Amino acid sequence: MERLGTGIGWRPEIADAVERMPGIDWVEVVAENLCPGHLHESLRRLRERGVTVVPHGVSLGLGGADRPDAGRLLALAERAEALASPLVTEHIAFVRAGGPLTASPRLEAGHLLPVPRTRDALDVLCENIRIAQDALPVPLAVENIAALISWPGEEMTEGQFLYDLADRTGVRLLIDVANLHTNHVNRGEDPAEALAGLPLEAIAYVHVAGGFERDGVWHDSHAHPVPRPVLDILTDLASRISPPGVLLERDENFPEPEELERELVAIREAVEKGGRARADGAWRAAAPVEPSSVSTDPARQRLALAQTALLSALVAGTPVPEGFDRVRLGVQARALAGKRADVVAKVAPELPVILGAGYRPAFLAYAQGAPMTDGYRRDALSFAEQLLLGGKLADARVRRELREWWLERSGPVPRSRRPGVRFARATRRVLLRR
């Protein structure tokens with residue numbers, strides 16, 4: 001296993017600070033935010049200095065019922081090659097549901113949702129991971145995710161599920177100790193038991209991140225300092241094996257560089273503490289689980305129906321599937337809508353400027369009746385279109401600016417800004433009103 005060392009999640013907002021930080025051996029970057037032919041200059045400089053860059057995907061949906069999309073796999077492979085990365089990473093999660101398997105509209109979560117720990121889900125996930133492994137030029141590692149909700153009727157613990165997954169596919173594991181803490185608070189799962197069940201030799205690296213607790217629910221925000229319980233889980237892991245790499249994740253609400261550096265120091269100290277406590281001895285070995293030779297098509301359809309019912313309840317207001325905690329599903333649904341509003345505001349920053357304080361309540365009202373089906377950029381256009389068609393924009397200036405924004409982006413090509421073309425367009429609008 002390649003030794004990565006200590007790293008930090010690279011984000012454009014902290015690019016300069018990351019370049020100046022001492023002791024950074026590697027960085028991780030969200031794969032979907034990269035353009036292979038136009039790498040950010042900061043990433044270029046880091047690569048020239050010999051700093052390893054690992055692309056971290058968030059949109060494959062390997063835990064979904066459908067087989068992985070060939071275009072998304074090709075894009076991830078291109079990013080790995082552009083960065084000369086030793087591996088790529090993704091998540092054990094589903095991010096979309098519906099479609100041909102269920103003869104229902106496609107729904108997008110815009111978020112990583114948990115996979116049920118069942119034999120059906122494991123069979124589908126194993127086949128999806130093998131498809132991804134065949135398409136990628138470097139090894140793949142997959143990450144355990146945080147969850148607010150639990151699936152009813154689960155057949156395995158997280159440790160058992162991950163052990164069988166790694167055993168059957170040879171995939172590496174990206175273990176997020178912050179997510180183990182989240183699942184401890186939200187689902188009552190013991191992090192030590194989860195670690196005890198893992199195939200430690202399969203660990204590629206470790207994520208560490210912060211969050212916050214509200215009303216008994218832990219939110220894995222990646223926008224708050226790393227709490228002591230997460231560092232303690234890291235120490236527990238390091239007492240069992242020397243992790244090949246450890247990385248600090250921070251996605252927003254970025255503090256001063258000095259605070260990030262202090263968190264990196266705390267992470268190194270937690271790993272060193274675990275190393276001092278590590279005892280000699282062989283780790284347990286489990287009997288290999290043979291890959292299933294049975295077609296996964298029936299399992300895919302069963303999984304598709306279950307995931308579609310759950311996602312529809314979360315984003316489209318349909319009835320809560322039997323066995324789920326209604327209160328927790330409500331918390332998750334509100335969190336998804338809030339995240340959707342935040343991401344649309346980043347993708348289309350003009351919308352909060354045009355709408356002012358009315359942006360967020362208007363978007364949340366829109367989201368209640370309009371599930372996302374085709375990504376955040378399409379979502380932003382659909383939101384603006386609904387506002388314009390709904391006739392609820394009393395302010396003429398706001399209505400005019402929003403209409404111009406929508407017209408500028410809704411066509412197949414950008415609207416021309418040449419004076420003659422703009423004059424002709426304005427004249428045509430006046431004539432059409434007559």
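**Exercise 1. A residue in its surroundings**

In which helix is R119 found? Work out as well whether R119 is buried, partly exposed or exposed, and list what R119 is in contact with.

*Solution.* A friendly reminder before we begin: the model is predicted.

1. Start with the secondary structure: R119 is found in helix α4.
2. Next, take the accessibility. R119 has a relative accessibility of 40%. Buried means under 20% and exposed over 50%, so R119 counts as partly exposed.
3. Now look for partners. Once neighbours within four places in sequence are set aside, R119 is in contact with E155, M156 and D164.
4. Finally, try a distance. From C-alpha to C-alpha, R119 and L248 lie 33 Å apart in space, and 129 residues separate R119 and L248 in sequence.

**Exercise 2. The nonpolar cores**

Find which residues touch the most other members of the largest nonpolar core, and which helix gives the most to this core.

*Solution.*

1. The largest nonpolar core holds 76 residues, and those touching the most other members are I8, V27, L140, V142, L165, V208 and L234.
2. Helix α4, residues 119–135, gives the most to this core, namely seven residues.
3. Another core lies apart from it; this one has 22 residues, including A367, M372, L387 and L402.
4. Return to V208 for a closer look. Leaving out residues up to four places away in sequence, V208 touches V177, V226, V230, L234, V246, L247, L248, E249 and I267.

**Exercise 3. Strand β9 and its partners**

Decide whether strand β9 is enclosed or open, using the burial of its residues, and then identify the strands that pair with β9.

*Solution.*

1. Strand β9 covers residues 203–208, and six of the six are buried, so β9 is largely enclosed by the rest of the structure.
2. One partner is strand β8 (residues 172–176), which runs parallel to β9 and is joined to it by four bridges. Within this pairing, I175 has V206 of β9 as its bridge partner.
3. Strand β12 (residues 245–248) also pairs with β9 in the parallel sense, over three bridges. Here V206 is matched with V246 of β12.
4. Put the two steps together: V206 is the bridge partner of I175, and V246 is the bridge partner of V206.

**Exercise 4. Strand β3 and a crossover**

Describe how the two faces of β3 are covered, and give the handedness of the crossover that leads from β2 to β3.

*Solution.*

1. Five of the five residues of β3 (residues 52–56) are buried, so this strand is largely enclosed by the rest of the structure.
2. Sort those residues by face: T52, V54 and H56 are on one side, V53 and P55 on the other, and all are buried.
3. Strand β2 (residues 26–30) runs parallel to β3, with five bridges joining them. As an example, the bridge partner of W26 in β3 is T52.
4. Between these strands the chain passes through helix α2 (residues 41–48), and the β-α-β crossover is right-handed.

**Exercise 5. Helices around α14**

Classify how α11 and α13 are oriented relative to α14.

*Solution.*

1. Helix α11 (residues 326–347) packs on helix α14 (residues 375–390) at an angle of about 90°, and the axes are 9 Å apart.
2. Angles of 65 to 115 degrees count as roughly perpendicular, so α11 and α14 are roughly perpendicular to each other.
3. On the α11 side the contact is made by K339, R340, V343, V344 and V347, and on the α14 side by Y376, R377, D379 and A380.
4. For helix α13 (residues 359–369) and α14, the angle is about 95° and the axes are 11 Å apart. These helices are therefore roughly perpendicular as well.
5. Here Y359, A362, F363 and Y366 of α13 meet D379, S382, F383, Q386 and L387 of α14.

**Exercise 6. Backbone angles**

Locate A84 and D215, and comment on the phi of A84 and of D215.

*Solution.*

1. As background, most residues other than glycine have a negative phi.
2. A84 is not a glycine, yet has a positive phi of about 50°. A84 sits in the loop between α3 and β4 and is exposed, with a relative accessible area of 53%.
3. D215 is not a glycine either, and its phi is positive at about 55°. D215 lies in the loop between β10 and β11 and counts as exposed at 77% relative accessibility.

Definitions and conventions:
Residues are numbered from 1 along each chain as its sequence is written. This is a predicted model: local features need pLDDT of at least 70, side-chain atom pairs count only at pLDDT 80 or more; totals for chains, interfaces and linings use all residues. Side-chain values use heavy atoms; hydrogens and water are left out. A nonpolar core is a set of buried Ala, Val, Leu, Ile, Met, Phe, Trp, Tyr and Cys residues joined through side-chain atoms within 4.5 Å. Buried means under 20% relative accessible area, exposed over 50%, partly exposed in between (1.4 Å probe, protein chains only). Contact means heavy atoms within 4.5 Å. Two strands pair if DSSP finds at least two bridges between them. A crossover is right-handed if, with the strands pointing away from the viewer, the path from the first strand over the helix to the second runs clockwise. Axes are lines fitted to C-alpha atoms, for helices over the stretch in contact, and angles run from 0 to 180 degrees between N-to-C directions. Angles under 35 degrees count as roughly parallel, over 145 as roughly antiparallel, 65 to 115 as roughly perpendicular and the rest as oblique.
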